[in-house]
There are 6 protein chains.
Amino acid sequence: EMTSTEKEVIAAEKELRRGFASLEVVQKDPSIPVYHIYLNRPAQRNALNLSFFSDLPRALSLLSVLPSARAVVLAARGPHFCSGIDLSALQSISSLSSLNPDPAASAVLLRRRIVPLQTAISAIERCRKPVVAAIQGACVGGGVDLAVACDVRFCSRDAFFAVKEVDLALTADLGSLQRLPRIVGYGNATDLALTGRRISAEEAKGMGLVSRVFDSPTALEEGVDLIARGLAEKSAVAVIGTKAVLLRSRDQTVEDGLDYVATWNSAMLMSRDLVEAVAAQMEKRKPNFSKM
Amino acid sequence: EMTSTEKEVIAAEKELRRGFASLEVVQKDPSIPVYHIYLNRPAQRNALNLSFFSDLPRALSLLSVLPSARAVVLAARGPHFCSGIDLSALQSISSLSSLNPDPAASAVLLRRRIVPLQTAISAIERCRKPVVAAIQGACVGGGVDLAVACDVRFCSRDAFFAVKEVDLALTADLGSLQRLPRIVGYGNATDLALTGRRISAEEAKGMGLVSRVFDSPTALEEGVDLIARGLAEKSAVAVIGTKAVLLRSRDQTVEDGLDYVATWNSAMLMSRDLVEAVAAQMEKRKPNFSKM
Amino acid sequence: EMTSTEKEVIAAEKELRRGFASLEVVQKDPSIPVYHIYLNRPAQRNALNLSFFSDLPRALSLLSVLPSARAVVLAARGPHFCSGIDLSALQSISSLSSLNPDPAASAVLLRRRIVPLQTAISAIERCRKPVVAAIQGACVGGGVDLAVACDVRFCSRDAFFAVKEVDLALTADLGSLQRLPRIVGYGNATDLALTGRRISAEEAKGMGLVSRVFDSPTALEEGVDLIARGLAEKSAVAVIGTKAVLLRSRDQTVEDGLDYVATWNSAMLMSRDLVEAVAAQMEKRKPNFSKM
Amino acid sequence: EMTSTEKEVIAAEKELRRGFASLEVVQKDPSIPVYHIYLNRPAQRNALNLSFFSDLPRALSLLSVLPSARAVVLAARGPHFCSGIDLSALQSISSLSSLNPDPAASAVLLRRRIVPLQTAISAIERCRKPVVAAIQGACVGGGVDLAVACDVRFCSRDAFFAVKEVDLALTADLGSLQRLPRIVGYGNATDLALTGRRISAEEAKGMGLVSRVFDSPTALEEGVDLIARGLAEKSAVAVIGTKAVLLRSRDQTVEDGLDYVATWNSAMLMSRDLVEAVAAQMEKRKPNFSKM
Amino acid sequence: EMTSTEKEVIAAEKELRRGFASLEVVQKDPSIPVYHIYLNRPAQRNALNLSFFSDLPRALSLLSVLPSARAVVLAARGPHFCSGIDLSALQSISSLSSLNPDPAASAVLLRRRIVPLQTAISAIERCRKPVVAAIQGACVGGGVDLAVACDVRFCSRDAFFAVKEVDLALTADLGSLQRLPRIVGYGNATDLALTGRRISAEEAKGMGLVSRVFDSPTALEEGVDLIARGLAEKSAVAVIGTKAVLLRSRDQTVEDGLDYVATWNSAMLMSRDLVEAVAAQMEKRKPNFSKM
Amino acid sequence: EMTSTEKEVIAAEKELRRGFASLEVVQKDPSIPVYHIYLNRPAQRNALNLSFFSDLPRALSLLSVLPSARAVVLAARGPHFCSGIDLSALQSISSLSSLNPDPAASAVLLRRRIVPLQTAISAIERCRKPVVAAIQGACVGGGVDLAVACDVRFCSRDAFFAVKEVDLALTADLGSLQRLPRIVGYGNATDLALTGRRISAEEAKGMGLVSRVFDSPTALEEGVDLIARGLAEKSAVAVIGTKAVLLRSRDQTVEDGLDYVATWNSAMLMSRDLVEAVAAQMEKRKPNFSKM
């Protein structure tokens, strides 16, 4: 008989096969526990439409459950990573809220529409597995919101970045103003957010926005596949713990973060994986970590 | 009949024309809504004296009100941006507090003198319009406190920076120890603050302390004018919102910052400027944003 | 008759002479108030064993008291700075906690063992004097925890860094996940912590992890000696204040940090050292600061 | 044609009619926009089983959408409000996690089971409408977690309260240790949580745990119905805003809370309801607020 | 010749004599360093009009400077303390902002009007001297915002309290939602803020909202005079420090608060007042503390 | 052979037998795992001298290790609990710091003396076992600092309380200003701290400062013994967890607290004690929890 955990896995796999309107989700090689989520509206330069905002959290929540997904790559079909929020999505949100003749009621309604969009992007952080962004071409507006919510970012030399919401007369509200300063420093972040200027892959690397620049989109794909596979081969307990503790510590004092990780490790330190890692190191062989 | 807002504007303009002991405040071109605040004691290398600490918040509070000030440049007359706090100011503060024979009462009094100096510098953040620093020559001690309170910083190749308070036997108390680490990272900030060492424009750029290095003071002036004009042409609602949300989010968790911007945008998203921006983009023309 | 402070100093000097199992603590030149703490198990590539975790806080607490220690260098004997936590220490911790047949009691016990290890590393921050790391060769795992707790870091060109806990199936719990993001930015920190990849001295410099790269271990030693001497020559009140305020402000909002430093300086601003610094500057001579 | 908001309402009403395994959700009088959620397992003294933890957030999320639900009463069928978590739920959680032979993997799995239980309780806070608890008989263990997540609490004289998790050898993890101290003060909360002692309705009132004690369960029902109706007659914009701002301000500094409510009200202050309230007050009649 | 501090005092006294549109500020007895601020629009039940919001911070800032004001009583002329914000003030704020046809610009403008009102109330906390509220009759809406910003509150038996903003279709934005929960507990605060219900002096005492209930307005006046005189006779350094540290600690962790007060007292502990207090205690006489 | 944990226990017991200058530490009945710490300078009304500040943390750290100490009672010999800090201690601190002619160096030194006094009081919170205060007679000044650091407080009818530091011209710096507001509410705390007024046992109970008032010192002793025994009979894992989570959650947002306890329980939920508690409950017998 199946445990409830096994049932959950089977249900997730089935659901995954049903597909997504705005995304393609694939495990390229069944023997490698890595999944790719592709933004899949290349004709629209992967502009984020309303389906995207329900597809992404759904996909990530399914991958969260699958033992065959130990690392996730967020990439894009077509020459561009993402050109930002789709104007149709923006209009749909605004028209919904403008129906109410009372401006305060409209505002309450509008707030109720913005929060789920934020939650959709934050699903990348809630996903317990590491999510790596692979970026080519344009990464602007909502694309930056998406990228900075990932754990690590890589790009090809043709990539460029712009927090361009300000040019649409908008205050960016999907996370760039919160996450970017912690990644590139507060000065670089204000510069980018106020001027909306475009930066190259190299400048992005210099600021710490991406961890490495690959020579071409193809090199990017191969390089990121290798990195993701590397993550997938590590101890799942350690990778999940490292992601969770980094995120929690980002928003806490150093001391609170230390107390948190001490508590975390009082449960998670004594793993079979640790025993295996120590043994493998002594026997100078590759460790064979347990599935999760 | 004039509204109270209009009266406020006229009063501010009048007050501005009365001038400032330590500053020069000018709108270079009446058709361009950019104001320049110049530190204007070049003979003293723009050392910050007591008038400066009342002039600066007064100037910024007036510009906060003016629709013709959509961006502010903080620059300096003479070859140096700012050589730090004026020794006379320091002496005035200390003698005031040493008058009281009770050391505790002296300390209370001294504290009461330090806080307004901090408040004067923080007026740059309280100003709702973006403030861009243009830095040439020396930017040391109080000059760094001033620079790091600005939203974005640019400099010329001859600029140099030093958190030199430690060499005056002082713990810097006007903001560098708080703002610098968020801009250049905690390691660079401790290095600069403990050693007091001087860094070049290039090193400052590498750390993220300035966003760009111009080849000469003249190039700096022209370049920053262009950038400020660019900011002034954007939607005022979006620029005000972006500055306000960045500042608030700097001091909050990511999640609190997201909630804050969702609330902000429930009021500020549905602007005429947004409609205009979308229309202009579709008609491939420059948008014509409303005044504020 | 001796004051209790003088007695404390004499007791600390005596205790220091008794030495440490894992460390060597020396004042190279009695006329220069700088102490060096050397990790001193070069045969084990300075792996951190259990004695280290009691030696380090003990050494730092003694140096905290000594007027002859105005700056501290944390360096290492042998070609490598530190290869991480010693497996024997790890086993000792885990076996202690696995003795209890109740997994929850084990966890409570394990937590009780982790916290003092964290406290030992954090002793570097609690030490009121500045602590400068001089790093050559490997600085991995626990070595990074150690380095990022120092106030400033320097290395030689042969140095390399890796947050390699993840490869031992561990969630790093001695501070790297908390302190590294504030030093190199959140994106670089997640990259390093999740992939465990090794970075060179140059890459470390680019991220702000070290403040300068010296050409060789010898150049490193000489360079850091000079820097430490420079710190030791500054006003002790100012250096202690700068370190304390930077650390407190790291974990607070900008505004709380400003209030804190105003309060600090209401006591510490009016020092004899300030008078001396001003006089020395006017007389264009070296200041002669008081001992503490 | 229906707007998407109208469709959402109809879907929610339909879903509500399908019912819940552990709850009964009713609108007693179609002309009064108040819903009651009854814990509905009186034979088990309303012990919280696994369905409860999915039923409650589902019910609240549906009511969040309904204009006919402007206030929610959380009450219980039978003589007792709630006897705590069902042992079957506890066993199900623990057996799930004990399946994995690796204790660390078990812990990760267990953590993954605890979080959704917490989220289910916190759904009361996420529900934008006010939720009022009506408590008779036993309110112990998980019952207290539930009660303290409500906005206001009322009880009958026969009610009693106990944070009894400690007697099950548990550290309460569904919110009592977080929310109770803010309601009754830290001293009362530690007393209750460490001793697990039972307090009467009167003592609960004295501590501020309940706002009023009614003489009997019948009086409680009538009294709370009246109060809920009162809430339902108020301006929805004002009630939603008051709940949201109170919750956000609970976890922030006073100053951050003031900034938050200023931002909130920049959108929500200028409502039709305000105009109506002022008019009604001048005309000395009952206001007629808009639906939401 | 006068010191700048003496000049400041004389200027403040002069300014004080010019009076206030909405307030009466008096020192009842020149030999007792206590000032009374009376809300002075009894015909309007002391409703808070626009002048009030500029009068109050001005009055408090003047008293902050006067050595003859060592304690401040906030009281009211007429039978009622305060009936809340004046509708004219509310209309003035809303009409100002509704002038702009762009709803987002209106919101920005409205926000700019709300913040100074909050700042006016918070001036009570910024005033370094203790402010004691003496409350008779109605204390509702804005009256509660005012009362909870005071350091201590007393009332007469006829007093009653209501957070009645919700009945004006408003989310209270002048501090009640932030300060009340810390005074009466979160449960009592939500009850009062959501229901808007009126509570008696006795109930207010039971919740900790007032510290004592006097039998009549006359008894209140006499009682509070005595208490204020008691405060005025204490060491000014100690009273200023206690107020400042309590306020700062309210918004910090216990540990941060301890660090803050240690820093505070490193400056303020060693006062002449302490020496005098110890001497007076030994000589069993009243201490004679220094002026400030 | 003994484990290192067993050795630690034996060393602690030996050390305990050596006794303390200012305290008496006893296990009244060897069969009951409760220890009493008595303030033991009744002739000085248990004024806190310098030995006390080293004795208390030492005693608590020893009891932290002992399995035979599952609950701790903090009580006092003689008619009074504690009359506050000893003037000799105060003088010793101040004379130490006044030795240095530089006021800033004095302040640094003084700060270094205050912090360990705070740490000594906070040792009550760091002690993992619950600490219950039993208070008769005077509990003033430092006595209140001591009492509010305990987990729960009980008193006899003759007890009285006063935060009397203000009357010594001091800003209380040992924790009352931080902990008291969370226990009795911010309004009651400011009242007590600013006026220094004395409150009776009954008033203390009404504010939540004590959990129960016993009729006499003898009744207090017996009552608290019973309560402590009750705590000692509970599951140690649950009691330690409850204390730790309450303390951590006090200084965090509700959400952070929930995440923390979920992490805590991922390690500590699945205890043998839980199995035993469930079994005992089903078999309607007293549980027999494991030692720790």
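**Local environments and chain interfaces in the predicted model**

The side chain of E:T195 places a polar atom 2.7 Å from the backbone oxygen of E:D191. The structure described here is a predicted model. E:T195 belongs to helix α7 of chain E, which spans residues 186-195. Its relative accessibility is 16%, and because burial is assigned under 20%, E:T195 counts as buried. Beyond its neighbours within four places in sequence, E:T195 is in contact with residues of two chains: D:I227, D:L231 and D:K234 on chain D, and E:V166, E:D167 and E:T190 on chain E. E:L269, by contrast, is separated from E:T195 by 74 residues in sequence and by 46 Å in space, C-alpha to C-alpha.

In chain F, strand β3 (residues 71-76) is mostly covered, with six of its six residues buried. F:A71, F:V73 and F:A75 point one way from β3(F), whereas F:V72, F:L74 and F:A76 point the other way; residues of both sets are buried. Strand β2 of chain F (residues 34-39) runs parallel to β3(F) and is joined to it by six bridges. Within this pairing, F:Y38 has F:A75 as its bridge partner in β3(F). The connection from β2(F) to β3(F) passes through helix α2 (residues 50-65) of chain F, and the resulting β-α-β crossover is right-handed. β3(F) is also joined by three bridges to strand β4 (residues 131-135) of chain F, again in parallel. Here F:V72 stands opposite F:V131 of β4(F).

A further buried position in chain F is F:I121, located in helix α4 (residues 103-126). F:I121 counts as buried because its relative accessibility is 0%. Not counting residues up to four places away in sequence, F:I121 touches F:F52, F:F53, F:D145, F:L146, F:A149, F:L174 and F:R179. Of these contacts, F:L174 lies 53 residues from F:I121 in sequence, with a C-alpha to C-alpha distance of 7.1 Å.

The interface of chain E with chain C involves 10 residues of chain E and 10 residues of chain C. About 930 Å² is buried between the two chains, 45% of it on carbon and sulfur atoms. E:R248, E:Y260 and E:T263 supply 46% of the area that chain E buries against chain C, more than any other three residues. Four salt bridges are found between chain E and chain C. One of them links E:D259 to C:R248, with the closest N and O atoms 2.8 Å apart. Eight residue pairs are in polar contact across this interface. On the side of chain E that touches chain C, helix α11 (residues 254-268) of chain E gives the most, with eight residues.

Between chain B and chain A, 46 residues of chain B are in contact with 40 residues of chain A. The buried area is about 3700 Å², of which carbon and sulfur atoms give 65%. B:L246, B:V254 and B:L258 supply 18% of the area that chain B buries against chain A, more than any other three residues. Two salt bridges cross this interface, including that of A:R111 with B:D259, whose closest N and O atoms are 3.2 Å apart. Residue pairs in polar contact between chain B and chain A number 15. Several elements of chain B each supply at least two residues of the side that touches chain A, among them β6 (152-156), α6 (176-184) and α9 (217-233). The most is given by α10(B), with 11 residues.

Note on methods
Residues numbered from 1 in each chain as written. Chains lettered and ligands numbered in written order. Predicted model: local features only at pLDDT ≥ 70, side-chain atom pairs only at ≥ 80, totals over all residues. Heavy atoms only, no water. Helix = DSSP H or I, 4+ residues; strand = E, 2+ residues; numbered from the N terminus. Buried < 20%, exposed > 50% of the residue type's maximum accessible area, 1.4 Å probe, protein only. Contact = heavy atoms within 4.5 Å. Polar contact = N/O pair within 3.5 Å; in protein donor to acceptor, adjacent residues only side chain to side chain. Pairing = 2+ DSSP bridges. Right-handed = clockwise from strand over helix to strand, strands pointing away. Buried area = accessible area lost by both parts, 1.4 Å probe. Salt bridge = Lys/Arg side-chain N within 4 Å of Asp/Glu carboxyl O.
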